[in-house]
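Trainee: Could you take me closely through one part of this structure, the strands of the middle domain and what surrounds them, and set that part within the whole protein?

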Amino acid sequence: MDFAVPEPLQAVIDAINDFLDAEVIPLEKEFLGKTFTEMLPVINGLRAKVKERGWWAPNQPKELGGMGLSLTEHGLVSEALGRTPLGHYLFGCQAPDAGNAEILHMFGSEEQKAQWLKPLVNGDIRSCFAMTEPSMPGSNPIMLASTAVKDGADYVINGHKWYTTSAEGAAFAVCMAVTHPDAPPHLRASMIIVPADTPGYRIVRNIPVMGHAGDDYFSHAEVRFEDCRVPQSNLLGGEGFGFAIAQERLGPGRIHHCMRWLGICKRSFDLMCQRANERVVDMDGGVLASKQIIQTWVAESAAEIQAARLMTLQAAWKIDNVGAKAARDEIALIKFVVANTMQRVIDRALQVHGGLGMTDDTILAFFFRQERAARIYDGADEVHKVSFGKRKLRHYAGVAAAGKK
Ligand SMILES: Cc1cc2nc3c(=O)[nH]c(=O)nc-3n(C[C@H](O)[C@H](O)[C@H](O)COP(=O)(O)OP(=O)(O)OC[C@H]3O[C@@H](n4cnc5c(N)ncnc54)[C@H](O)[C@@H]3O)c2cc1C
């Protein structure tokens, strides 16, 4: 396995980093003080520049208008974009649209691709993914209360969802609902495309998360489907395959998340080291960087980031070369390793900034409150640990039973 970044890709990453430093990071103070909607004119202007430079949708195939990068290559770009909260949106590879585009590409009919995938990848519309329900454990997504019942040529959907990220302003939702209640647990639910203007689909509210309800793309909604009727042709993939499609979304999606989190680590680490070198804390002019405790945090953070990064790149390499199924263990491990590494690094960086770290004068407080969720979404850490541990122990039990070492 060779982690050397090919020279042409490195040149693109360097240019993207320069663009982010010059045109995006200076906007962060304004972004923290305004709503997303207020920022949209500026954001759309920057999106146009990204397109002009040929950097749009790095994760999408060229024939769809993207850069056509492999998972590992996109991971490296995603790491650069993760340095600023606007990065992925500006480059057209933001969640949940990236995941929805992937499943539309893999499982959508030609009509669905023409109607939804093309404008989605082009950035003309947005989407959301409505799976989690307030009354059911999101950690066990085979437990769903939402139903889609056939009536004539339609499905009639009833359900209550929340944490439907970016629902406000989305043109359609991919809704996960039970179509086959009597089937085995993993074959009960289907994915159905629900256009946002369908009667019976409504956003109840944007949920306040860590004190911020957000708006437009930067929000998480509670939504209801009330006798919401869509044609059966809006089914995505086969009936009862909702869970299988959700699994397909997971492998590449995990790499996108983890590399974005590593970008946040990099930015936080940079800020920590800069502040430690600048902040005078002794009468004789000594700076924070002269304190051993700070030196230790720097060393620990660097080691943890390096370990998490190599684990993630190895998982991406394995998915690219032998497929997501064979990389199941790696995909499970990076989830909680990278999420927790990020949290520790942000926390140390914030601590080094003292009172300044708690303000919105740096990006650290935003990272701190926004990224706590990383240990919860995309499968809570504990679920990944338990399922990995169970699998490993079963393997060892099998080895013992067979009398092998
Ligand atoms: C910021 C954010 C964005 C999100 N975006 C979306 C979205 O766009 N679309 C969508 O559908 N959902 C989304 N979600 C929902 C997310 O997927 C769920 O919150 C997650 O799956 C956990 O489900 P839950 O909240 O119901 O927690 P629960 O299932 O109630 O679990 C609570 C806690 O119990 C523990 N736990 C649960 N099961 C086990 C187990 N088997 N073993 C040990 N411990 C366990 C874990 O610590 C877990 O955190 C988002 C969530 C957040 C926070």
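**The strands of domain 2 and their surroundings**

Mentor: The protein is divided into domain 1 (7–100), domain 2 (127–236) and domain 3 (244–401), and the model we are looking at is a predicted one. There are 13 helices and nine strands in the protein, and a few overall values are useful before we turn to the strands. For 405 residues, a compact globule would have a radius of gyration near 22 Å, and the protein, with 22 Å, agrees with that. Taken along the principal axes, the box filled by the C-alpha atoms is roughly 80 × 65 × 40 Å. Buried residues make up 42% of the 405 residues, and among the contacts with a separation of 6 or more, 70% are accounted for by residues 24 or more positions apart.

Let us begin with strand β4 (residues 172–178). Seven of its seven residues are buried, so β4 is largely enclosed by the rest of the structure. In a regular strand the side chains alternate between the two faces of the sheet. In β4, Phe172, Val174, Met176 and Val178 point one way, while Ala173, Cys175 and Ala177 point the other way, and all of them are buried.

This strand has a partner in each of two senses. β1 pairs with β4 in the parallel sense, over four bridges, and within that pairing Ala130 stands opposite Cys175 of β4. With strand β5 (residues 189–195), by contrast, β4 pairs in the antiparallel sense over seven bridges; here Val178 has Ala189 in β5 as its bridge partner.

A helix also belongs to these surroundings. The buried residues of α6 are Asp97, Ala98, Gly99, Asn100, Ala101, Ile103 and Leu104, and they pack against β1 and β4 as well as against α7 (110–122), β9 (235–236) and α8 (242–278).

A second group of pairings involves strand β8 (residues 218–231). β8 pairs with β3 in the antiparallel sense over nine bridges, and Thr165 stands opposite His220 in β8. Strand β6 (residues 201–206) likewise pairs with β8 in the antiparallel sense, over five bridges, with Asn206 and Ala221 of β8 as bridge partners. Strand β7 (residues 214–215) is joined to β8 by two bridges, and these strands run antiparallel; the bridge partner of Gly214 in β8 is Ser219. β7 and β8 form a hairpin with two residues between them, and Asp216, in the turn, has a positive phi of about 50°.

From these strands we can move to the ligand. Which residues come nearest to the ligand? Of the 19 residues around the ligand, they are Met131, Pro137, Gly138, Ser139 and Thr165. The elements that give two or more residues to this shell are β1 (127–130), β3 (154–165) and α13 (381–401). Thr165 thus appears both among the residues that come nearest to the ligand and opposite His220 of β8. By class, the shell has 12 nonpolar, six polar and one charged residues. Because domain 2 and domain 3 both give residues to the shell, the ligand lies between them.

The remaining domain has its own side that touches domain 3. The centres of domain 1 and domain 3, taken over C-alpha atoms, are separated by 21 Å, and 16 residues of domain 1 are in contact with 22 residues of domain 3. On the domain 1 side, α2 (28–33), α4 and α6 (97–107) each supply at least two residues, and α4 gives the most, with seven residues. That side of domain 1 divides into six nonpolar, seven polar and three charged residues. α6 therefore has a place in two parts of this account, since its buried residues pack against β1 and β4, among other elements, and α6 also supplies at least two residues of the side of domain 1 that touches domain 3.

One loop residue may be added here. Leu64 lies in the loop between α3 (36–52) and α4 (71–81), and with 16 other C-beta atoms within 10 Å it is partly exposed. The C-alpha atom of Leu64 is separated by 8.8 Å from that of Leu117, although the two residues are 53 residues apart along the chain.

Methods. Residues numbered from 1 in each chain as written. Buried ≥ 20, exposed ≤ 12 C-beta atoms within 10 Å, placed from the backbone. Near = placed C-beta within 6 Å. Nonpolar A, V, L, I, M, F, W, Y, C, P; charged D, E, K, R; others polar. Domains from an automatic or database assignment. Rg over C-alpha atoms; globule rule 2.2 N^0.38 Å. Contact = placed C-beta atoms within 7 Å. Pairing = 2+ DSSP bridges.
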